[in-house]
Amino acid sequence: MNFEAVIGLEIHVETKTESKMFSSAPNRSLEEPNTLVAPLDMAFPGTMPRLNKRAVEFAIRVAHALHMEIDDLVRFDRKNYFYSDLPKGFQITQQFHPIGKNGYIQLGEGEPLVHIERIHMEEDTCKQLHFSDFTLLDYNRAGVPLLEIVSCPEMHNGKQARLYVEGIRNIVIYSLVSDGKMEEGSLRCDVNISLRPIGFEGFGTKVEIKNLNSLKNIEEAVDYEIKRQSAILYSGGEVIQETRRYDESSGKTVLMRVKTDAVDYKYFPEPNLVPVKLSPEFIKKAIEDTPELYDSKLSRYIYNGLSENEAKAILSDLNLCRYYEGMLIEGLSYKEAANYLLGEILQYLNKNRLDISKMPLRPKEVGEILIYVLKEKLNHKQGGSLLLECLENGISKEEAKQKLRLVALEDNEEAALALVREVLNNNPQSAIDFKNGKDRALGYLIGQAMKASKGKYNPALLSDLFKKEMA
């Protein structure tokens, strides 16, 4: 009997509001422990929650991006349980009335569409730091606004799970809802996975993998768990319902605890928060205020001449994307800007161990340098040298050109043709190789011409002339 995996994901996203979900404490959970705490976060008697308007706007942004039905009546519930990371003994959440439901996300070309059951708002718990014989509690995270996004169980392998999380992460980052830093816990992922016989409509025994903190770990953990459960079933064993974690060093999932019956959280409506009716204007404005999202930028970049790999490289970092768009001044093509950004600029940053935010030149200044390169008819190598000289020595583009003694490319076709014929006479075998289909011979001939002229002529012009002469 062959089996297939059925996978559903729960993603928790910390949103970038100024204050917490229900208190006025600043929302910066990575500061010095227990320094950003209001009385409500510590469950002091008599304290009352107050709903964060910005958190609602952020929830609407994400729900809309995921094609969801948005509930215009915001209601909250209490989830009651005792645990050391929950000061009040209950969590305020949206169990019965999520702000968004019935959405979907397309995983990519050739991959399936995954439906999303719900998105709801809630508050985070405090952070626990476990040691060998004691645990420390940091209440800075208590009350941080969370969005929980619950998929339908429609994925079947590690790649699909990774693409799903990557898609959600791109949405929350480019909508400016969250920084999406999995390694810092601002986006956390739990995976529910079971195996069933192929063609069977039900579900097998569910195993949960908790606290996966990178896209790579998600794919690896899911694929390992599929193999682990398959081996149990093929040997005639029975999969046990349990919670596991992924051990990165061994590449295996490890038992945390065995699950028994479901916990009864005794949900009931939150009595200290009245339902809030959202006006159509409020919902419309929250949607309209959403910045351009990842998928839209990707399509726009490719439409304007970038390869998919180039576009994704730029979009892999929001700050890099912002810098790139600042370079796109009038007269500079998407392709030219991308070539220098992914080439000389990243080379400079890596060499000096700098983040793009530490660039000594503003993006518009770089754009102006590149316009100058085009105006002066310098080739890309010359332009790169000029740009790096400006970056490393803080001099103007004119000073850099003079210092490097850069000479503009010539487009004198008559003089270039004489050079082309001379090079062909000196390299007859290369001409024969090109006619026999060896394309690299053309590159060699152009190189010889550039060497003989000390980079004087436009390579594109030389290429055209060589092809005409060898036709």
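Strands β7 (residues 113–123) and β10 (residues 145–151) pair in the antiparallel sense over 7 bridges; strands here are DSSP runs of E of at least two residues, helices are runs of H or I of at least four, both numbered from the N terminus, and pairing requires at least two DSSP bridges between two strands. Within this pair, glutamate 122 stands opposite leucine 146 of β10. The model is predicted, so local features need pLDDT of at least 70 and side-chain atom pairs count only at pLDDT 80 or more, while totals for chains, interfaces and linings use all residues. Residues are numbered from 1 along each chain as its sequence is written, and side-chain values use heavy atoms, leaving out hydrogens and water.

Looking at the wider sheet, 9 strands form an open, mixed arrangement in the order β2-β6-β7-β10-β1-β11-β12-β13-β14. Its edges are β2 (69–70) and β14 (252–258), each of which pairs on one side only.

Turning to the interior, the largest nonpolar core (buried Ala, Val, Leu, Ile, Met, Phe, Trp, Tyr and Cys joined through side-chain atoms within 4.5 Å; buried means under 20% relative accessible area, exposed over 50%, partly exposed in between, with a 1.4 Å probe and protein chains only) has 98 residues. Ile149, Tyr164, Val165 and Ile345 have the most contacts inside this core. Helix α2 (residues 158–174) supplies the largest share, 9 residues. A second, separate core of 20 residues includes Ala416, Ala441, Met450 and Leu465.

One aromatic residue is placed otherwise: phenylalanine 134, in the loop between β8 (127–130) and β9 (135–138), is partly exposed, with a relative accessible area of 40%.
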